[in-house]
Amino acid sequence: MPDRRQLLLRLQELSFTLDDVQLYLDTHPRDAEALSYFRRVQALRGEAAREYEREAGPLTRETAADEEWSWGREAWPWEREA
Amino acid sequence: MWIYERKLQYPVRIARPSARLAQLIISQFGGPDGELAASQRYLSQRYAMPDRAVAGLLTDIGTEEMAHMEMVSAILHQLTADLSLEEIAGSPFAAYFVDHTTGIWPTAAAGVPFQATEFQSKGDALTDLAEDMAAEPATAQTRQNDMKKAPGGCRGPIGSQWVDLRRHLLVRSGYCR
């Protein structure tokens with residue numbers, strides 16, 4: 001079972017890939033290869049996000065309305081690990 | 001409109017606090033070539049961009065610069081956490097500490113507060129793009145200057161794995177042919 005840090009790193013890698021390909025697609029909107037790459041990584045990123053959220057709590061407000069409001073429950077991303 | 005995603009773009013894990021290094025890295029936040037200026041540069045300029053595709057690019061780059069600003073701020077926050085007063089008093093960070101303690105406040109390393117005059121928004125797409133092209137290598141150079149001062153070297157976001165600026169520049173110049 002991957003730990004929270006590994007799940008986060010996987011999510012960060014896939015998200016970063018999308019950040020980069022997004023900028024490319026902005027100026028190359030008809031590049032079919034780049035488009036299909038984006039869609040492939042997007043699907044993987046969606047899975048990684050759901051897996052991470054199950055372990056570590058909400059990434060956005062979309063998943064914050066749990067039994068209670070969970071936005072302020074976990075460590076913030078800038079906190080130094082003990 | 002922006003929606004906050006509760007993660008950094010790249011992990012920040014500072015092993016050892018350093019007031020000295022924080023005093024240098026703060027320029028990446030509020031200095032003339034820092035991420036605050038970068039984000040406001042792109043996000044302000046996009047309104048004058050007549051080409052919708054490039055206006056989208058400016059929006060996306062400006063958004064990513066805000067993510068960079070958050071990483072730099074996290075680095076500063078972690079570098080200054082748990083410092084003793086003795087460590088601070090004997091470092092160049094002492095002058096900042098007197099006004100802000102360890103709060104994150106945008107300023108250049110030499111103490112010049114962040115100023116909007118550090119970027120331009122001219123209402124002319126080509127003038128603005130020319131400024132963007134100059135700003136990107138300036139940021140990279142500041143980062144390299146910081147790396148030379150880091151004790152034991154730096155890995156990760158401050159190193160080569162950060163955004164591949166050259167590739168972004170090629171994308172942009174490719175559009176402007």
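Here are some worked exercises on a predicted model with chains A and B.

**Exercise 1. Describe the overall form of chain A.**

Solution.
- Start with the secondary structure: chain A has two helices and zero strands.
- Next, take the extent. Along the principal axes, the C-alpha atoms of chain A fill a box of roughly 45 × 25 × 25 Å.
- Now set the radius of gyration beside the globule rule: chain A has 15 Å, whereas a compact globule of 82 residues would have a value near 12 Å.
- Then look at burial, where 12% of the 82 residues in chain A are buried.
- Finish with the contacts in chain A that have a separation of 6 or more: 44% of them join residues 24 or more positions apart.

**Exercise 2. Work out how many residues each chain brings to the contact, and what kinds of residue chain A uses there.**

Solution.
- Count by chain: 19 residues come from chain A and 26 residues from chain B.
- Sort the side of chain A that touches chain B, and you find eleven nonpolar, four polar and four charged residues.

**Exercise 3. Find the largest nonpolar core and say which helices build it.**

Solution.
- The largest nonpolar core holds 31 residues. Those with the most contacts inside it are B:Ala22, B:Ile25, B:Met71, B:Val72, B:Ile75 and B:Leu76.
- Three helices of chain B, namely H1 (19-25), H3 (35-45) and H4 (52-80), each supply at least two residues of this core.
- The largest share, ten residues, comes from H4(B).
- Zoom in on B:Leu76: beyond its neighbours within four places in sequence, B:Leu76 is in contact with B:Ala22, B:Ile25, B:Ile26, B:Phe29 and B:Ile104.
- Another core, of six residues, lies apart from the largest one; among its members are A:Ala48, A:Ala49, A:Tyr52 and A:Leu59.

**Exercise 4. Decide whether B:Gln45 is buried or exposed, and trace its surroundings.**

Solution.
- Locate the residue first: B:Gln45 sits in helix H3 of chain B.
- Apply the cut-off, which calls a residue buried at 20 or more other C-beta atoms within 10 Å. B:Gln45 counts as buried because it has 26 C-beta neighbours inside 10 Å.
- List the partners: leaving out residues up to four places away in sequence, B:Gln45 touches B:Leu58, B:Ser121 and B:Asp128.
- Compare sequence with space. B:Gln45 and B:Lys122 are 77 residues apart in sequence, yet their C-alpha atoms are 7.6 Å apart.

**Exercise 5. Check the span of helix H7 of chain B and find what its buried residues pack against.**

Solution.
- Helix H7 of chain B covers residues 125-149, 25 residues in total.
- From first C-alpha to last, H7 of chain B reaches 37 Å, close to the 36 Å expected at 1.5 Å a residue.
- Its buried residues are B:Asp128, B:Asp132, B:Thr139, B:Thr142 and B:Arg143.
- The buried residues of H7(B) pack against helix H2 (27-30) and H3 of chain B.

**Exercise 6. Examine the positive phi values of B:Asp82 and B:Thr101.**

Solution.
- Recall the background: most residues other than glycine have a negative phi.
- B:Asp82 is not a glycine, yet has a positive phi of about 60 degrees. B:Asp82 lies in the loop between H4 and helix H5 (85-89) of chain B.
- B:Thr101, also a residue other than glycine, has a positive phi near 45 degrees. Its place is the loop between helix H6 (94-100) and H7 of chain B.
- Now test exposure, for which the cut-off is 12 or fewer. B:Asp82 is exposed because 10 other C-beta atoms lie within 10 Å. B:Thr101 counts as exposed because it has 10 C-beta neighbours inside 10 Å.

Conventions
Residues numbered from 1 in each chain as written. Chains lettered and ligands numbered in written order. Predicted model: local features only at pLDDT ≥ 70, side-chain atom pairs only at ≥ 80, totals over all residues. Contact = placed C-beta atoms within 7 Å. Nonpolar A, V, L, I, M, F, W, Y, C, P; charged D, E, K, R; others polar. Core = buried A, V, L, I, M, F, W, Y, C linked by C-beta atoms within 7 Å. Helix = DSSP H or I, 4+ residues; strand = E, 2+ residues; numbered from the N terminus. Expected span 1.5 Å × (residues − 1). Rg over C-alpha atoms; globule rule 2.2 N^0.38 Å.
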